[in-house]
Amino acid sequence: MHGDDACRGSDAKGRPPVTAYINRIATAVPPNDVHSSFVRFARTLFSDERSRVLFGRMADKAQISHRFSVLAPSVEVGGASIDAGRFYLRGSFPTTADRMRLYEKHAPELAAQAVSGLDLGTTARRITHVIVTSCTGFSAPGIDLALVERFGLDPSVERTTIGFMGCYAAINALKLARHIVRSAPEARVLVVNVELCTLHLQEAVAMDQMLSFLLFGDGCAAAVVSAEPTGLALDRLHAVVVPGTRELITWNIRDLGFEMFLSGRVPGAIDRGLKAAAGAILDGAAPGEIDLWAVHPGGRSVLDAVEHALELGPDALAASRDVLARFGNMSSASIMFVLQSLVADARPGMRGCAMSFGPGLTAETMLFHTD
């Protein structure tokens, strides 16, 4: 375990530390709602009625109503292709190269859609740093340079890509942005989290794999982090690695796409890990002292585990459950959707805790407050 406690006290010259703020958050999803069509398609993969019924029951329990994709669903559920563009053909799923070509086409556009929502206007030239997170695709020149060109950012802007960290990458990006602002108070950091999870569907009939695919959708979030005292103040960040859980979440690049393994033991590991580390995560505060909870909506069972471990009230994770229902799990972008929702209703003086989970099993957490 380790925590970011540099915010305490003053610097070497006796000056109070600079506070970094998430000033604005904007989000975007592709136009194609694929959740219901995927559920119907998945049922056709099982040869026996018992499995089809079980999958349907589990899909209902997932508490997801919508997920979005850059791929339009096929109108023929039982046809040869899963999507209208015939990208996923039964018996002939695309290679990793095919998937990356679509990523290179669609990821920059979705990222630009989210950044447009920030309404940077003439302030775009004041952006000093760009941080992009993604675990669903790679290309160079990449999304970072595409955004510089698209929005007229200063060509000398510093660019960083955080890749393959999974669902907790957004908090790592905010951590880096906070470090930048605290070391250079004039900095304005553009943070972009873009994920095209639906490009990595695998042709599988195992129940656990299909239930994993049931969770994920495409989405993007963009945010500005600076020392300007508006929005959410970033107080403290902390990381927890739960012992003995290295193999519970894996994400590997193979010939036919990126292969995820998500163990059914993850919720139990989260429950145990949070109970053991709650004091460090909350910096000594009791869960009841936290007004705003932004928990990564990795799935209903993940949210249930956090609720149980921290003994939270039934409405504490309402924002996370709402994002799960409306968008599914969008990997790194998801936590920013939750934070965006919380900001809309937050009152001055509220304390909050954000947390995301990823390979390791690692929990990345962030304490924040509203001024």
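## Cysteines and a cavity

Let's start with Cys-220: its sulfur is 12 Å from the closest cysteine sulfur, in Cys-197, which is too far for a bond. This is a predicted model, where local features need pLDDT of at least 70, side-chain atom pairs count only at pLDDT 80 or more, and totals for chains, interfaces and linings use all residues. Residues are numbered from 1 along each chain as its sequence is written, and side-chain values use heavy atoms, with hydrogens and water left out.

A disulfide is a covalent bond between the sulfur atoms of two cysteines. Searching the whole structure for disulfides (pairs of cysteine sulfur atoms within 2.5 Å) turns up zero.

How buried are Cys-220 and Cys-353? Here, buried means under 20% relative accessible area, with a 1.4 Å probe and protein chains only.

| Residue | Relative accessible area |
|---|---|
| Cys-220 | 0%, buried |
| Cys-353 | 0%, buried |

Now for the empty space. A cavity is a set of points on a 1 Å grid over the protein atoms alone where a 1.4 Å probe fits but cannot get out, and its lining residues have an atom within 4 Å of a point. The whole structure has one cavity of 30 Å³ or more, and the largest cavity has a volume (the space filled by probe spheres set on the points) of about 40 Å³.

Which elements give two or more residues to its lining? They are α7 (266-281) and β14 (362-370), with α7 giving the largest share, four residues. Among the lining residues are Val-240, Ile-270, Phe-357 and Thr-362.

How values were computed: Buried means under 20% relative accessible area, exposed over 50%, partly exposed in between (1.4 Å probe, protein chains only). On a 1 Å grid over the protein atoms alone, a cavity is a set of points where a 1.4 Å probe fits but cannot get out, and a pocket is an open set with protein on both sides within 12 Å along at least five of seven lines; lining residues have an atom within 4 Å of a point.
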